[in-house]
Amino acid sequence: MKRLFIPASSVLMIFALVTVLHATSVGSEKITVMNPAITSTMVDRVPLTNRLDSLDGKTLYMVDIGWGGPDAAYSVFEEMRAWFSENMPNVKTVLKRKQGPYSADDPELWKEIKEKGDAALIGISG
Amino acid sequence: MSQHCKTLEHDYQIPTVGAAAANIVKYAMGYNFLYTNGMPIRYVGFPFPVAGQPKSVHRQYIEGNDEVSGKPMMTAIMDALTQPPTEEEKYAGPPPEAAPEPRLLNPDTADNLQRLFKEKDWTDYNPIILPTEERVAEMLTGTNRKPDDVIKEITWPGGKRLFTVEKAAVCAVMAGAKKEYLPLILALATQVPFGNSTSSMANMILVNGPIRNELGMNDGGNAMGPHNEVNAVIGRVFTLMSKTAGNLHHGKTTFSSLGSNLQYNNLCIAENEEALPEGWDPFHVQMGFKPSDSVVTVGTGWTYISSVGEVQTAYPAHFLMRDYMRSLSGMRGGTVLMDPTVAALLKDEQGFKTKVMLSEWLADNVEKTVASFWGNGVVSTFFTSMAYQGLEPYAGYLKMPGDKLIKPMTARGIQIIAVGGGIQTTWFVTDFGLGRGVLVDEWR
C-alpha cells in the first residue's frame, strides 16, 4: 500500500488558508445589537404671529435677559438704539432688563410690552 | 430666550426676534425648535462671543452682517419683524419629521457597528463592547428591576425621553461593566445627563458605603488615577449614558467652549471611609444616610487645585486651602479632597474635631473682593438677577466698592472628602458642589 506523502510546507499552506477563511467569515459575520439612543418626543408646532407692515412710528422693546451678567451684552442694545435714533428716528426704542435669571419668566414686562409696544427683540445669549 | 420669544408671540401676539451668538442660534433653530419650543422663531446671529466683548466690538456687530440671513444686521432685524410668515411658519400641529428610535439596530459586522456608534457620537471614541441582546440580558441579571422600568424622564436639553433600566444596561455593556456594577450604575442613571454648559463644566461622582468594597473600588493610593477597573468603568458609563440617553452631542446640544477632559471619567472616586479620623463622618452620613447605606453622589464644578506636595508644619494645610479657595469661582462653596493623613493632621495638630468644624473655618476665612466675585461670568449671570430682586447677600454685594472683602462661601457649601492611600500629605481644593446623593440599594 502506497503511503500518502504531504510535504510540511503544504500542510502549513492549508492551515494558513483555513485560518484566513475563518477570520474572513468572523469579520464579515453580521450581528444584531441594541440601540442605546432613546426616542425623543418632538413638540407640536406653534405658528408665528402676524408681522408689522413696517416699524415706522412703532415702539420696539429691546429686552436684555442678562446672559453673562448685567454688562455682558447691554451695550449691543445701546448701539442698536443709537442706530435707530440716527437712521430711523420714527422708531421709538425702549431698553429693558428682564427680571430674574435669564430663563425665568417676566409676565409684568410682557404685559408692559403688550400695552405699550408693537414689537420686541430679546437677547442676547452667547 | 426662545421661550420668552414664544411667550410674546403666542400669548401676547407681539412680533419678536431673538438675538444670540451664531452657535446658540444654531441650537435654537435646530434641536431646541424640534424638541422644546416648536415655534419657528426668527433669529439674528452675532459672531461668537457676544458677552464680555468691548463696546467697539459690539458696534462692529451692529454694523456687520447677520450670521443667519447674511443681510446687514439692522436690515435683518427689521425684516424679521415685518416680512409676513411663510406657510411653514404658519403651520400648527404635530411635527412631520418625528420618527421613533428602533430597539435593535440593523444587523451589520462588528467593525461597521463600532464605526456606526462613533458616527452617531454614542461613545467616548474609545472602543466599546457591542451591546448584543445576550450581553444586555446577562447585564440585567444584576438587578431585580424590570428592563422596562423607567429610571427617569429626561427633558434636558429638550425632548422627552424615557430612560429605562434596559437602556442603562445597554450603556453598562458598552462601557465594559460587570453585572454586579448595575445597581450602582442605575442609581447613577438617575443623575443623567451630567452637568454641561458653555462654561466647560465637569462632574464628580462620589461613592460611599459598603458598595465600594463589594465592587472593589479603589479609595486608596492612586484612587483618582487610571488604576482600577470599577472606578474607570463607572466613570465612563456616566459619560456614555449622558451622550446617548442624555442626547448630548457637540455642536448640536452641547457648546462647551473648551470642554473638560474630566468628562472622560467624571472624577469617579470612593471615599476612604475606613481611614477617616474618629469624629469625621463619611460624606453620606453627613447627608443623613446610615453608614451601612450605599450611596452615589454627583456634583458639578470646573476646577481642582493641588497642594503640590506635602503639608508644611510652618504653614498648616488649612491655611493653604484657604488661600487656594480664594481663587475659586465663589459659587458658595466647593469640595476638598484630601489624603487621610491630611485629615489626621488637621484633627490632631489643628484641632478640627469634625469635618463641619473645618468647613466652618474655611467659610469664615475664605475672602475675596467684591470685584473678583462679580468678575466671574457664571456668578454674575446667576446672582446679579437675585441682587436686583433685593435678595441678600447679593443685593448688598452689588452696592459695595469693588475692593471690599466679602466671605462668599458657606459652611454647608464646603464638603470634605478623604481619599488616597497615605503615601503623601497631599490634597486638592475644588469648586465641585455636592448635595444629597442617591441610595444604590434601591436599585439592587
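**A buried helix and a two-chain contact**

In chain B, the buried residues of helix α8 pack against α6 (110-119), α7 (133-140), β4 (150-154), β5 (161-164), α9 (182-189) and α11 (229-244). Keep in mind that this is a predicted model. Let's look at that helix, then at how chains A and B meet, and finally at one leucine.

**Helix α8 of chain B**
- Helix α8 covers residues 165-175, and 11 of its 11 residues are buried, so the rest of the structure largely encloses it.
- Among those buried residues are B:Val165, B:Glu166, B:Lys167 and B:Cys171.
- Just past the helix, B:Gly176 has a positive phi of about 95 degrees.

**Where chain A meets chain B**
- Chain A brings 71 residues to the contact and chain B brings 101 residues.
- About 7400 Å² is buried between the two chains, with carbon and sulfur atoms giving 66% of that.
- On the chain A side, A:Met34, A:Arg45 and A:Arg51 lose the most area to chain B, together 13% of what that side buries.
- You'll find 4 salt bridges between the chains; in one of them, A:Glu79 pairs with B:Arg59, with the closest N and O atoms 2.8 Å apart.
- Strand β4 of chain A runs parallel to strand β1 (residues 16-21) of chain B, and 5 bridges join them.
- A:Gly123 has B:Ala19 as its bridge partner in that chain B strand.

**A look at B:Leu345**
- B:Leu345 sits in helix α14 (residues 340-348) of chain B and is partly exposed, with a relative accessible area of 31%.
- Leaving aside neighbours within four places in sequence, B:Leu345 touches B:Val311, B:Gln350 and B:Thr425.

Technical notes. Residues are numbered from 1 along each chain as its sequence is written. Chains are lettered from A and ligands numbered from 1 in the order in which they are written. This is a predicted model: local features need pLDDT of at least 70, side-chain atom pairs count only at pLDDT 80 or more; totals for chains, interfaces and linings use all residues. Side-chain values use heavy atoms; hydrogens and water are left out. Helices (H or I, at least four residues) and strands (E, at least two) are DSSP runs, numbered from the N terminus. Buried means under 20% relative accessible area, exposed over 50%, partly exposed in between (1.4 Å probe, protein chains only). Contact means heavy atoms within 4.5 Å. Buried area is the accessible area (1.4 Å probe) that two parts lose on being put together, summed over both. A salt bridge is a side-chain nitrogen of Lys or Arg within 4 Å of a carboxyl oxygen of Asp or Glu. Two strands pair if DSSP finds at least two bridges between them.
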